Amino acid sequence: MCHFTQRSSTSSFPKICNIFWRFHHTSTSHLCSCSKTVSDEKYQDPFQLGRKDLKNLYEDIKKELLVSTAELKEMCDYYFDGKGKAFRPMIVVLMARACNIHHNNSREVQASQRSVAIIAEMIHTASLVHDDVIDDANSRRGKMTVNQIWGERKAVLAGDFILSAASVALARIGNTTIISVLTQVIEDLVRGEFLQLGSKENENERFAHYLEKTFKKTASLIANSCKAVSILGCPDPKVHEIAYQYGKNVGIAFQLIDDVLDFTSCADHLGKPTAADLKLGLATGPVLFACRQFPEMNAMIMRRFSKPGDVERARKYVLQSDGVQQTTYLAQRYCHEATREISKLRPSPEREALIQLTEMVLMRDK
């Protein structure tokens, strides 16, 4: 699997279409698991290790969102309620410490590195607000979306405001390289959204298109945030690449599992409606793998499941096929690659926690 994760450029994504065919015919009895990688190591709880550096995270985010309008403040506070797991900031601070230890055995997270964690969460949240408007979503994290409560126009403006505040915080770091790395995330988010609006007729191209969209919409933020803190903590370009590749592979795996959960988790547990992607006309990994066993799904994919009964039929085909298993297997391979990359750093509790995190990504149920 190494051949598709060694370069930072997304130009390698078209090659991934070959993986689709290879993985489809791989026996699920040979599924690899990352658990072997960490079985002999001391268990490190990532959330426990990252807690110190994430203390008052949401209070600090709210300080960045200095708002004169009461309604806008209420909208911002609605998402930054402190109830989220802060998954992305946690990866960022763990990566910061792992890179710092690797470089000069420093166990402290620099103020600028913590700022990157805050900015990552702000960019992520702004993208969720905008996504919910585009998708006309009703719920997010088990509660009503901003667009449902305040309306689409105000939701768009709230997302824009959070993004602008993140940009101000980014400029304050005062490092042009870091600015360049993190603004790439914003460009990727927009490009990813456009990719999601399109579709490919050719099945090989369709899978590569899906993985590129997944990278840009989900993994780019994690990859580039990890790269940013590695640049701030260590001058070695090899370390920057390790951090980037770890974030990229974990980010793609995270989204693949998210796409699996859309078919396997109940709506109450997931915090959003199930089969949501099908209802939006999106063909995710489980659908694309299922399509190999049920070619009649091709027509449904091309019309974006728009005919009456398409969503129900497609969901039935996915659950009858090995699409869920194969997508999970693909996520395992990405996690395995993430573990391989991060293992190049000097041993530390933070490095082991990042390895453990790959297991948590695969095991999550919401």
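**Exercise 1. Which residues do ring pairs link into a cluster with Trp150?**

Solution. Ring pairs join Tyr78, Tyr79 and Trp150 into a cluster. Rings of Phe, Tyr and Trp (its six-membered ring) pair if their centres lie within 6.5 Å; planes under 30 degrees apart count as stacked, over 60 as edge-to-face and the rest as tilted. Across the whole structure, a search turns up seven aromatic pairs.

A word on the ground rules: this is a predicted model, where local features need pLDDT of at least 70, side-chain atom pairs count only at pLDDT 80 or more, and totals for chains, interfaces and linings use all residues. Residues are numbered from 1 along each chain as its sequence is written, and side-chain values use heavy atoms, with hydrogens and water left out.

**Exercise 2. Classify the pair formed by Tyr78 and Trp150.**

Solution. Start with the geometry: the ring centres of Tyr78 and Trp150 are 5.6 Å apart and the planes stand at 80°, so the pair is edge-to-face. Next, place the partners: Tyr78 belongs to helix 5 (residues 70-79) and Trp150 to helix 8 (residues 146-150), 72 residues apart. Helices here are DSSP runs of H or I, at least four residues, numbered from the N terminus. Finally, check exposure: both Tyr78 and Trp150 are buried (under 20% relative accessible area, 1.4 Å probe, protein chains only).

**Exercise 3. Find a charge over the face of Tyr78.**

Solution. Lys143 is the residue to pick, at 4.1 Å from the ring centre of Tyr78. The test asks for NZ of Lys or CZ of Arg within 6 Å of the ring centre and within 35 degrees of the ring normal. Arg88 also has its charged end over a ring, that of Phe254, 5.3 Å from the centre.

Note on methods. Helix = DSSP H or I, 4+ residues; strand = E, 2+ residues; numbered from the N terminus. Buried < 20%, exposed > 50% of the residue type's maximum accessible area, 1.4 Å probe, protein only.
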